[in-house]
Amino acid sequence: MNKIMNPSDVCKISDLPANPIEMFNTLIKRAGVKYIPMNLATVDSEFCVLNRTIVYRGLTDNSEICFVTERNSRKYKNLKANPKSALTILLNIGLEEENRETWQIRLMNACAVEIDDQAILSKFWQEEPLFAKIRSHIVECGKPMNHEELILKHNKLLANYQSGQNTLEQSPSYTAFKILPKLWDFYKSEPGKIADRVQYKLCDNKVNEWTTYHVAA
């Protein structure tokens, strides 16, 4: 007998952990993906607000979300001038339409802090694919460029790497940031259901104590 589906229902986020990082890690594991794009919004002196897609690179020992960038990029200049930022992650869990969960995770009232731990930066650099290491050495983000000149620079550095003349050590412009939010927002939707949201708000003057509550979606 076919299961009868309600034409409308209400979604609920249950079994809430005390810490938003626990919730985040659980969702990452359930999603089963290694490549996780994130949308980062920063304050910009010319365009007011700028957003762009970056890639999740893991957590610090203090469970802070990390991403890498270049010191010659606009996002770097934005964050050094004003560290206020917001981050959004979209995850789909489940392949079958009727069982699919869509999660939007937002890190709000956040600031971005540049990572000065060389061990972390070295780890990230070693994880970079070859093209990304070459790019870090030859590209100045956002500047006008000649495509043919870029090809020549790329091919020369690639040849030097392949011959052993250049080991592609970490470039001076390569760096990383961690995001420190005061509010996490988890939004869960399922087919045919009104979505649910849970927020974790950092308690005043506390390092890792959170108030948790549902809010209307």
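User: In this predicted model, is Ser63 buried, partly exposed or exposed, and where along the chain does Ser63 lie?

Analyst: Ser63 has a relative accessible area of 31%, which makes this residue partly exposed, and its place is in the loop between strand 3 (48-55) and strand 4.

User: How should I read the backbone angle phi, and what is the phi of Ser63?

Analyst: Most residues other than glycine have a negative phi. Ser63 departs from that pattern, with a positive phi near 65 degrees in a residue that is not glycine. Leu168 also has a positive phi, of about 55 degrees, although it is not a glycine. Leu168 lies in the loop between helix 5 (147-163) and strand 7, and at 2% relative accessibility Leu168 counts as buried.

User: How do I read a helix, and which residues of helix 1 are buried?

Analyst: An α-helix has 3.6 residues a turn, so residues three or four places apart point the same way. Helix 1 (residues 20-31) has 12 residues and reaches 16 Å from its first C-alpha to its last, close to the 16 Å expected at 1.5 Å a residue. The buried residues in helix 1 are Pro20, Ile21, Met23, Phe24, Leu27, Ile28 and Ala31. These residues cover an arc of only 155 degrees around the axis, and therefore they sit on the same side of helix 1. What covers them includes strand 4 (65-70), strand 5 (84-93), strand 6 (101-114), strand 7 (174-189), strand 9 (196-202) and strand 10 (210-216).

User: What is found at the two ends of helix 1?

Analyst: At the N-terminal end, Asn19 acts as a cap, with a side-chain oxygen 2.8 Å from the backbone nitrogen of Ile21. Just after helix 1 comes Gly32, which takes a positive phi of about 65 degrees.

User: Which residues touch the most other members of the largest nonpolar core?

Analyst: That core has 33 residues, of which Phe24, Ile65, Leu91, Ile105, Trp184 and Phe186 touch the most other members. The elements that give two or more residues to this core are helix 1, strand 2 (37-44), strand 4, helix 2 (74-81), strand 5, strand 6, strand 7 and strand 9. Helix 1 gives the most, with six residues. As for Ile105, if residues up to four places away in sequence are not counted, its contacts include Phe24, Leu27, Leu91, Trp184 and Phe186. A second, separate core of eight residues includes Cys66, Val68, Leu121 and Ala176.

User: How many disulfides does the structure hold, and why does Cys66 not form one?

Analyst: The idea is to look at the distance between sulfur atoms, since a disulfide needs a pair of cysteine sulfurs within 2.5 Å. The structure holds zero disulfides. The sulfur of Cys66 is 13 Å from the closest cysteine sulfur, in Cys111, and so is too far for a bond. For Cys203 the closest cysteine sulfur is also in Cys111, at 17 Å, which is likewise too far. Cys66 is buried, with a relative accessible area of 1%, whereas Cys203 counts as partly exposed at 23%.

User: What does Glu190 touch, and where is its place in the chain?

Analyst: Glu190 is in the loop between strand 7 and strand 8 (193-194), and this residue is buried, with a relative accessible area of 18%. Leaving out residues up to four places away in sequence, Glu190 touches Cys11, Arg100 and Glu101. The C-alpha atoms of Glu190 and Thr102 are separated by 6.5 Å, while the two residues are 88 residues apart along the chain.

Note on methods
Residues are numbered from 1 along each chain as its sequence is written. This is a predicted model: local features need pLDDT of at least 70, side-chain atom pairs count only at pLDDT 80 or more; totals for chains, interfaces and linings use all residues. Side-chain values use heavy atoms; hydrogens and water are left out. Buried means under 20% relative accessible area, exposed over 50%, partly exposed in between (1.4 Å probe, protein chains only). Helices (H or I, at least four residues) and strands (E, at least two) are DSSP runs, numbered from the N terminus. The expected span of a helix is 1.5 Å times one less than its number of residues. The arc is that of the directions from the helix axis to the C-beta atoms. Contact means heavy atoms within 4.5 Å. A polar contact is a pair of N or O atoms within 3.5 Å; within protein, one must be able to donate a hydrogen and the other to accept it, and residues adjacent in sequence count only if both atoms are side-chain atoms. A nonpolar core is a set of buried Ala, Val, Leu, Ile, Met, Phe, Trp, Tyr and Cys residues joined through side-chain atoms within 4.5 Å.
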